[in-house]
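Student: I'd like to go through this model and ask why things get the labels they do. Can we take it label by label?

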Amino acid sequence: MQSSNSRPRGSGDGAQRSTEHGEGHVPRPAEAPGGMRYDDPWYDALASGWGETDGVGAPATGGGPGRGAEEEGLSAAGDIYLEVQRSAAFQEVRSRYRRFVVPGVLVFLTWYVGYVVTATTAPGLMARPVAGAVNVAMLAGLGQFLTTFVLAWAYARHARLRRDRAALELRWDTQELTRAARGSAS
């Protein structure tokens with residue numbers, strides 16, 4: 001039987017699985033116990049040692065005596081992600097994101113809270129008829145839905161025009177550097 005990713009599904013214990021894949025198969029840290037490899041670069045850069053101290057209160061540095069070449073490659077991959085996070089290109093993508101999201105959220109929350117406060121404090125105004133059975137409250141409520149859709153459209157457009165290409169280039173460069181670091185660690 002095959003899984004959805006067209007890899008054969010194993011059955012049985014680990015000893016049987018190691019004979020299926022050859023004698024020297026040792027699962028890599030980025031492999032699940034079933035042998036499935038996660039190619040997500042964030043999963044590969046394991047957080048071992050992250051946030052831990054060296055015993056004196058200072059952050060622990062990698063490279064203990066028991067680390068293998070593959071773990072050193074993962075550490076190098078983690079360093080690559082930290083370097084990219086500090087880069088000017090990454091900071092520009094984050095700043096473009098913030099320049100759109102922060103004002104958008106503030107405007108939308110102000111509009112929403114204004115709607116709720118007006119509905120509770122000025123029911124006479126909200127009950128004022130506009131056209132037939134349609135009143136101000138109904139129009140403001142529909143305006144909430146319209147605002148949500150317009151904001152979602154504007155966010156997607158802004159991301160497509162101002163951030164996606166730069167973020168994709170960063171991701172591509174990061175994956176290339178990570179592959180190179182893993183290749184040199186082997």
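**Salt bridges and other labels**

Tutor: Sure. Going by the salt-bridge rule, the count here comes to three. Keep in mind that this is a predicted model.

Student: What makes arginine 96 and glutamate 92 a salt bridge?

Tutor: The cut-off is 4 Å between a side-chain nitrogen of Lys or Arg and a carboxyl oxygen of Asp or Glu. The closest N and O atoms of arginine 96 and glutamate 92 are 3.0 Å apart, so the pair is within the limit.

Student: How are arginine 96 and glutamate 92 placed in helix α4?

Tutor: They are four residues apart, so about one helical turn separates them. In an α-helix, with 3.6 residues a turn, residues three or four places apart point the same way.

Student: Why is arginine 96 called partly exposed?

Tutor: Its relative accessible area is 28%. Partly exposed lies between the 20% and 50% cut-offs, so the label follows. Glutamate 92, at 32%, gets that label too.

Student: And what makes arginine 99 exposed?

Tutor: Exposed means over 50%, and arginine 99 comes in at 54%. Arginine 99 also meets glutamate 92 in a salt bridge, at 3.6 Å from N to O.

Student: Which salt bridge involves arginine 179?

Tutor: Arginine 179 pairs with glutamate 176, N to O at 2.8 Å. Both sit in helix α6, three residues apart, or about one turn. Arginine 179 is partly exposed at 46%, and glutamate 176 is partly exposed at 36%.

Student: What joins Glu92, Arg96 and Arg99 into one network?

Tutor: Salt bridges that share partners. Glutamate 92 bridges to arginine 96 and also to arginine 99.

Student: Let's go inside. Why do Ile80, Val84, Val93, Leu170 and Ala181 count as a nonpolar core?

Tutor: A core needs buried nonpolar residues joined through side-chain atoms within 4.5 Å, and therefore these residues qualify as one set. This is the largest nonpolar core, with five residues in all. Helices α3 (69–86) and α6 (136–185) each give two or more residues to this core. In soluble globular proteins, nonpolar side chains tend to be buried together.

Student: What does valine 84 contact, leaving aside neighbours within four places in sequence?

Tutor: Phe90, Leu170 and Thr174. As for Val93, it is one of the buried residues of α4, along with Phe100, Val101 and Gly104. Across the protein, buried residues make up 19% of the 186 residues.

Student: How do you know that α4 has close to its expected span?

Tutor: Helix α4 covers residues 88–121, which is 34 residues, and at 1.5 Å a residue you'd expect 50 Å. From first C-alpha to last, α4 reaches 48 Å, close to that figure.

Student: Is leucine 139 buried, partly exposed or exposed?

Tutor: Partly exposed: 42% is above the 20% limit for buried but not over 50%. Leucine 139 lies in helix α6 and belongs to a nonpolar surface patch with Val130, Val134, Met138, Leu142, Phe145 and Phe149. Together the patch has about 720 Å² of accessible area, and α6 gives the most to it, with five residues.

Student: Last one: why is glycine 124 called exposed?

Tutor: Its relative accessible area is 54%, and exposed means over 50%, so the label holds. Glycine 124 is found in helix α5 (residues 123–126).

Methods
Residues numbered from 1 in each chain as written. Predicted model: local features only at pLDDT ≥ 70, side-chain atom pairs only at ≥ 80, totals over all residues. Heavy atoms only, no water. Buried < 20%, exposed > 50% of the residue type's maximum accessible area, 1.4 Å probe, protein only. Contact = heavy atoms within 4.5 Å. Patch = residues over 30% accessible without salt bridge, like charges linked within 9 Å, V, L, I, M, F, W, Y side chains within 5 Å. Areas by Shrake-Rupley, 256 points an atom, 1.4 Å probe, with all protein chains shown as cover. Expected span 1.5 Å × (residues − 1).
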